[in-house]
Amino acid sequence: MASIGWWVVRILLIGAGGTLGSAVHKALAERGHEVIGVGRTSGDLVCDVTDPEAVARLYAQAGPLDAVAVAAGDAVFKPLAELTAGDFAATFRGKALGQLELVRQGARQVAATGSFTLVSGILTEEPIVAGAAASAANGAVEAFVRAAAIELPPQRINAVSPTVAEESLPAYGPFFAGMEPVPAARVATAYVRSVEGAQTGQIYRVR
């Protein structure tokens with residue numbers, strides 16, 4: 001394991017098996033950190049983070065932690081006229097509320113000098129057709145990060161806001177016409193910055 005000064009870093013990574021999560025796992029592990037991968041159906045630990053009771057069990061299983069990082073989130077993409085109340089609820093649950101719950105419970109579980117790294121996305125500032133629900137959820141995550149940062153110290157909290165990853169273009173490319181993609185490995189460097197740095201309340205935008 002790596003250490004930052006006296007701090008041995010043990011990281012809980014949500015979404016570790018996904019496109020972005022795999023890159024984040026690799027970047028953190030290569031720096032010597034101990035990374036515990038979490039997925040909805042597979043991983044070192046399995047958890048649906050949209051379920052508060054499951055999050056409680058996750059923290060009980062994980063043991064002592066120095067950091068929590070999130071590299072996944074589900075959103076519904078539909079034209080505004082077709083979005084239902086259920087679509088909005090599902091997007092907020094999958095992209096925002098699960099992350100907020102990880103922090104709410106994790107503040108009591110993560111080391112006093114530990115950190116949280118959440119994920120938002122480019123749609124907060126650069127909306128697209130069919131992306132209204134995702135834009136709203138991303139904005140909620142970023143607002144929460146700024147608000148939580150004034151109450152969590154000495155714990156830290158930041159968010160990574162990436163554009164679409166090159167590796168995700170086959171699935172999401174049509175939604176992001178004209179937007180320049182970036183490699184997932186480049187996005188992962190922002191996670192390293194959040195985990196190893198000293199800043200809090202920041203939104204690290206990767207474009």
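Which strands does α4 lie across, and at what angle does α4 run to β8? In this predicted model, α4 lies across β7, β8 and β9, and its direction makes about 155 degrees with that of β8. The helix comprises residues 132-148, and its 17 residues should span 24 Å at 1.5 Å a residue, a value with which the 24 Å between its end C-alpha atoms agrees. Among the residues of α4 that are buried are Ala133, Ala134, Ala137, Asn138, Val141, Val145 and Ala148. An α-helix has 3.6 residues a turn, so residues three or four places apart point the same way. The cover over the buried residues of α4 includes α3 and the strands β7, β8 and β9.

The strands beneath α4 belong to an open sheet of 7 strands, in which the order is β5-β4-β3-β6-β7-β8-β9 and the pairing is parallel. The edges of this sheet are formed by β5 (45-46) and β9, each of which pairs on one side only. Strands of a sheet pair through backbone hydrogen bonds, either parallel or antiparallel. Between β8 and β9 the pairing is in the parallel sense and extends over 4 bridges, and Pro162 has Val206 of β9 as its bridge partner. Helix α2, which covers residues 52-62, also packs on the sheet, where it touches β3, β4, β5, β6 and β7, and its direction makes about 150 degrees with that of β3.

Helix α6 (residues 184-196) has 13 residues and reaches 19 Å from its first C-alpha to its last, which is close to the 18 Å expected at 1.5 Å a residue. Its buried residues include Ala184, Val187, Ala188, Tyr191, Val192 and Val195. Glu196, by contrast, is partly exposed, with a relative accessible area of 23%.

A search for salt bridges over the whole structure finds 9 of them. Side chains of opposite charge can pair when their charged atoms come close. One of these salt bridges joins Glu196 to Arg31, with the closest N and O atoms 2.6 Å apart. Because Glu196 lies in helix α6 and Arg31 in the loop between α1 (19-30) and β4, the pair ties together parts that are 165 residues apart in sequence. Arg31 is itself partly exposed, its relative accessible area being 45%.

In a second salt bridge, the side chains of Lys78 and Asp87 meet at 3.0 Å, N to O; Lys78 is partly exposed at a relative accessible area of 29%, whereas Asp87, at 11% relative accessibility, counts as buried. A further pair is made by the side chains of Glu101 and Arg104, which meet in a salt bridge at 2.7 Å, N to O. These two residues, Glu101 and Arg104, are separated by about one helical turn, because they are 3 residues apart in helix α3. Glu101 counts as buried at 12% relative accessibility, while Arg104 is partly exposed, with a relative accessible area of 47%. Elsewhere, salt bridges that share partners join Glu125, Glu142, Arg205 and Arg207 into one network, and Glu142 is also one of the buried residues of α4.

The loop between α3 (85-106) and β7 (110-119) contains Arg108, an exposed residue with a relative accessible area of 59%. Arg108 and Tyr59 are 49 residues apart in sequence, and their C-alpha atoms are 9.8 Å apart in space.

Notes: Residues numbered from 1 in each chain as written. Predicted model: local features only at pLDDT ≥ 70, side-chain atom pairs only at ≥ 80, totals over all residues. Heavy atoms only, no water. Buried < 20%, exposed > 50% of the residue type's maximum accessible area, 1.4 Å probe, protein only. Expected span 1.5 Å × (residues − 1). Contact = heavy atoms within 4.5 Å. Pairing = 2+ DSSP bridges. Axes fitted to C-alpha atoms, helices over the stretch in contact; angles between N-to-C directions. Salt bridge = Lys/Arg side-chain N within 4 Å of Asp/Glu carboxyl O.
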